[in-house]
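Dear colleague,

I am passing on the structure below, and I would be glad if you could look it over with the notes that follow it.

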Amino acid sequence: MTDAALARPPARPPVREPTAWDQLKVNRNWLGFWFMLPAMAFLVLFLVYPLGKGLWMSFTDARIGREGRFVGLENFEWLIEDSDFVRALVFTIVFTFVASAVKFAIGLYLALLLNNNLPFKAFIRSVVLIPFIVPTVLSAVAFWWIFDTQFSVITWGLVKMGIIDRGSPINWMGDPFLAQCVVIFANIWRGIPFIAITLLAGLQTVSPSLYEAATLDGATKWQNFRYVTYPLLTPIIAVVMTFSVLFTFTDFQLIWAMTRGGPVNATHLMATLSYQRGILGGNLGEGAAIAISMVPFLLAAIMFSWFGLQRRKWQQGENND
Amino acid sequence: MTAFTRRTLVKGAAAAGVLSGSGLTDWARAWAQASPFKPETGATLNLLRWRRFVEAEDAQFNKMVAAFTQATGCRVNVSSESFDDVQPKASVAANTGTGPDLIWSLYSVPHLFPQKCLEVTDVADYLGKKYGGWVPLAEAYGKSAGKWISIPVAVNGGYINYRVSMLKAAGFNEVPQDTKGFLELCKALKAKGTPSGFPLGRATGDGNAFAHWLLWSHGAAQVDEQEKVTINSPETRAALRYAKELWDTFIPGTAAWNDSNNNRAFLSGEISLTANGISIYAAAKASQDAKQREIAADMDHAFWPIGPIGKPAEIQLAFPMFGMTYSRFPNACKAFMAFILEAENFNPWLEAAQGYLTHLLNAYDNNPVWTADPKAKVFRESAKRSFPAGYRGPINEKAATAIADFIVVDLFANHCTGKEDVEGAIRVAERQLRRIYR
């Protein structure tokens with residue numbers, strides 16, 4: 001080492017001070033930033049920018065093909081007194097709540113069933129996925145026919161069985177309340193497989209030895225579920241229900257293909273109302289305002305599951321955090 | 001499906017031979033020589049049109065396009081979009097200054113950006129002079145600030161469709177031509193167990209036609225000439241009360257109907273009367289099913305009845321065509337518009353459309369399509385009996401928004417379904433109209 005240092009020619013220019021650019025190039029902390037940059041650019045371009053643009057538009061009176069003027073909260077002030085918007089808001093919440101709860105109950109039940117040793121297990125598990133695989137528009141059209149006021153197969157069956165009179169069919173899609181029930185039913189049908197299959201995957205990660213130990217301690221089937229399965233499944237439930245609530249809250253295709261928000265705007269969700277006002281009606285600012293109004297609810301749903309369901313206390317069923 | 005045999009192939013080839021050697025090309029060449037509208041040399045046009053709903057109409061249109069290219073050397077690329085997508089595309093094109101040279105759209109689209117539309121007063125005057133003048137509706141749709149900005153090529157008419165035998169059974173020989181008598185008819189039809197049905201759901205064509213007729217025939221309108229909202233009026237109240245009485249005679253479920261529900265209900269014999277274009281009849285007549293052909297034989301069409309306003313008050317779907325100012329070939333645009341409306345082109349095209357489309361130039365009243373089948377006759381008048389969209393206000397984007405948002409349809413749907421009383425339904429509509437027309 002010393003020799004090498006002595007042998008160095010004295011004429012060598014003094015060591016250059018590293019410039020800011022050099023630091024940016026080689027500094028390890030900055031290196032991390034450089035590696036993140038492509039992903040960040042991607043997110044900014046496709047997530048932050050559209051969201052920001054949507055937020056900006058909700059404060060303008062933009063129309064299709066024309067930039068808007070800034071109008072402050074005018075769009076929101078208008079909407080809060082708009083009976084269709086308020087109804088859509090309430091229905092979206094009811095829709096999300098009812099559909100998610102039922103989907104969860106049936107999905108969990110299905111998952112527990114499928115977790116047993118059944119004959120043709122693989123086949124049955126894939127059959128369960130069918131509602132999820134069929135394109136939404138196709139299944140919506142099928143439901144549309146099933147619940148058509150004139151041509152409903154249910155009405156037809158009831159008429160053939162002599163239960164109802166041909167002249168007074170059930171007004172499935174024409175009656176606001178029934179139409180609301182129908183779209184909730186269709187959403188439930190479509191959403192169950194996602195929950196069932198994901199929870200099934202969660203169930204399979206539970207070690208059988210835990211059940212053995214619990215059974216040796218004299219646990220009943222219910223206690224097995226309550227104190228072994230459920231606590232271990234909670235993280236998965238949190239994730240699944242977050243996604244389920246988000247998907248349900250933002251549902252669009254199903255409603256649009258089945259009812260277009262009718263009859264008399266009874267089945268409009270916020271997403272469909274936003275499209276109706278923004279794109280078809282041409283009032284982009286108002287459409288954006290409706291879409292932005294969904295954000296607080298979505299954030300609340302995410303907060304609830306991440307800060308609530310993710311806590312260890314909830315997961316373990318004990319006070320150990 | 002027809003099986004292909006040698007014979008059909010020979011026939012087809014013979015037919016093709018006749019067409020290619022037909023007079024259309026020769027005439028087109030002569031036209032190109034004599035016409036006051038000469039395309040720029042080397043011009044190419046991009047045309048965006050609404051997607052056809054009659055195949056024969058599209059085929060005939062393409063023949064005109066081919067003849068135009070042969071005669072003038074100007075190539076025309078035709079692309080089509082569904083009804084709902086033409087307007088957004090046209091708006092973006094107008095906004096960015098690039099896109100199709102010619103756009104063939106619906107209702108009031110050119111009035112969204114009149115300053116971006118090529119002035120075509122010379123073409124309109126030329127055609128008007130040559131073909132017996134334009135109907136008033138054409139001027140409403142075609143003119144902006146005294147200048148023609150589009151050529152209204154055709155309208156799609158919608159009228160009362162009814163079953164002759166069911167009307168007879170209810171004690172009527174024809175559809176009464178006043179709103180009062182019409183209500184009696186619908187009551188009688190319901191009593192006989194063969195009710196009528198009009199859509200009050202998300203039916204862009206048939207729902208708007210029904211609701212606007214209810215409103216306008218009673219002398220009501222959403223705005224006046226100065227765009228002041230006038231929906232809160234005694235006339236609207238009368239229209240709502242009438243609508244409710246009529247609604248009570250309908251088959252259940254029409255609040256959920258879209259544009260195809262009434263076609264299906266009519267063709268399955270569930271309803272005796274509805275409003276539609278000629279498509280129910282055309283489909284039934286051309287059907288393989290003997291039952292459907294029986295329905296075609298047993299049905300006919302009638303005008304919308306006239307209400308307290310004392311004159312026809314209908315809304316029919318207009319199809320205006322316009323050139324864009326950014327086009328590098330404005331003369332080719334004009335030549336093309338003039339070309340397709342010349343009798344040699346327009347008459348066969350109107351026939352190919354089988355009554356779905358109605359002219360706005362008076363001379364085409366004599367087209368054989370209106371006399372060959374008496375059941376198509378009422379559709380000849382649709383351009384003459386129609387009010388423009390947004391009546392009594394001007395045709396503009398506000399009128400287009402009011403239609404797109406189903407304001408008038410929902411006015412009646414809200415009251416008929418019992419969701420709102422008369423005052424409540426008016427209040428909802430008035431609030432929305434005030435925002436649109438602010």
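In this predicted model, chain B contains an open sheet of six strands, arranged in the order β2-β1-β3-β11-β6-β12, and the pairing within the sheet is mixed. Its edges are formed by β2 and by β12 (357-358) of chain B, each of which pairs on one side only.

The part of this sheet that I followed most carefully is centred on β1(B). Strand β1 of chain B covers residues 44-50 and is mostly covered, since five of its seven residues are buried. On one hand, β1(B) pairs with strand β2 (residues 75-81) of chain B in the parallel sense, over seven bridges, and within that pairing B:Trp50 has B:Glu81 of β2(B) as its bridge partner. To get from β1(B) to β2(B) the chain passes through helix α3 (residues 55-72) of chain B, and this β-α-β crossover is right-handed. On the other hand, β1(B) also pairs with strand β3 (residues 102-104) of chain B, again in the parallel sense, here over two bridges, with B:Leu48 standing opposite B:Ile103 of β3(B). Following the sheet onward from β3(B), one comes to strand β11 (residues 317-323) of chain B, which runs antiparallel to β3(B) and is joined to it by three bridges; B:Ile103 has its bridge partner there in B:Phe322. B:Ile103 is therefore matched with B:Leu48 in one pairing and with B:Phe322 in the other, and strands of a sheet pair through backbone hydrogen bonds, either parallel or antiparallel.

Ahead of β1 in chain B, the loop that follows α2 (23-34) holds B:Ser35. Is B:Ser35 buried or exposed? B:Ser35 counts as buried because its relative accessible area is 4%, under the 20% cut-off. A polar atom of the B:Ser35 side chain lies 2.9 Å from the backbone nitrogen of B:Phe37.

Turning to the contact between the two chains, 37 residues of chain A and 32 residues of chain B take part in it. The area buried between chain A and chain B comes to about 2,900 Å², with carbon and sulfur atoms giving 46% of it. On the side of chain A, the residues that lose the most area to chain B are A:Trp78, A:Gln150 and A:Val264, which together make up 22% of what that side buries. Five salt bridges are found across the interface of chain A and chain B, and 19 residue pairs, both at pLDDT 80 or more, are in polar contact between the chains. The side of chain A that touches chain B draws at least two residues from each of α4 (74-80), α5 (83-115), α8 and α14 (270-280) of chain A. There is also a salt bridge between the side chains of B:Arg264 and A:Asp148, at 3.3 Å from N to O.

Two of those helices in chain A deserve a closer look. Helix α8 of chain A spans residues 136-146 and includes A:Thr136, which is buried, with a relative accessible area of 9%. Leaving aside residues up to four places away in sequence, A:Thr136 touches A:Arg190, A:Gln253 and A:Leu254. As for α14(A), eight of its eleven residues are buried, so this helix is largely enclosed by the rest of the structure; among the buried residues are A:Met270, A:Leu273 and A:Arg277. Just after α14(A), A:Gly282 adopts a positive phi of about 80°.

With best regards

Terms used:
Residues are numbered from 1 along each chain as its sequence is written. Chains are lettered from A and ligands numbered from 1 in the order in which they are written. This is a predicted model: local features need pLDDT of at least 70, side-chain atom pairs count only at pLDDT 80 or more; totals for chains, interfaces and linings use all residues. Side-chain values use heavy atoms; hydrogens and water are left out. Buried means under 20% relative accessible area, exposed over 50%, partly exposed in between (1.4 Å probe, protein chains only). Helices (H or I, at least four residues) and strands (E, at least two) are DSSP runs, numbered from the N terminus. Two strands pair if DSSP finds at least two bridges between them. A crossover is right-handed if, with the strands pointing away from the viewer, the path from the first strand over the helix to the second runs clockwise. Contact means heavy atoms within 4.5 Å. Buried area is the accessible area (1.4 Å probe) that two parts lose on being put together, summed over both. A salt bridge is a side-chain nitrogen of Lys or Arg within 4 Å of a carboxyl oxygen of Asp or Glu. A polar contact is a pair of N or O atoms within 3.5 Å; within protein, one must be able to donate a hydrogen and the other to accept it, and residues adjacent in sequence count only if both atoms are side-chain atoms.
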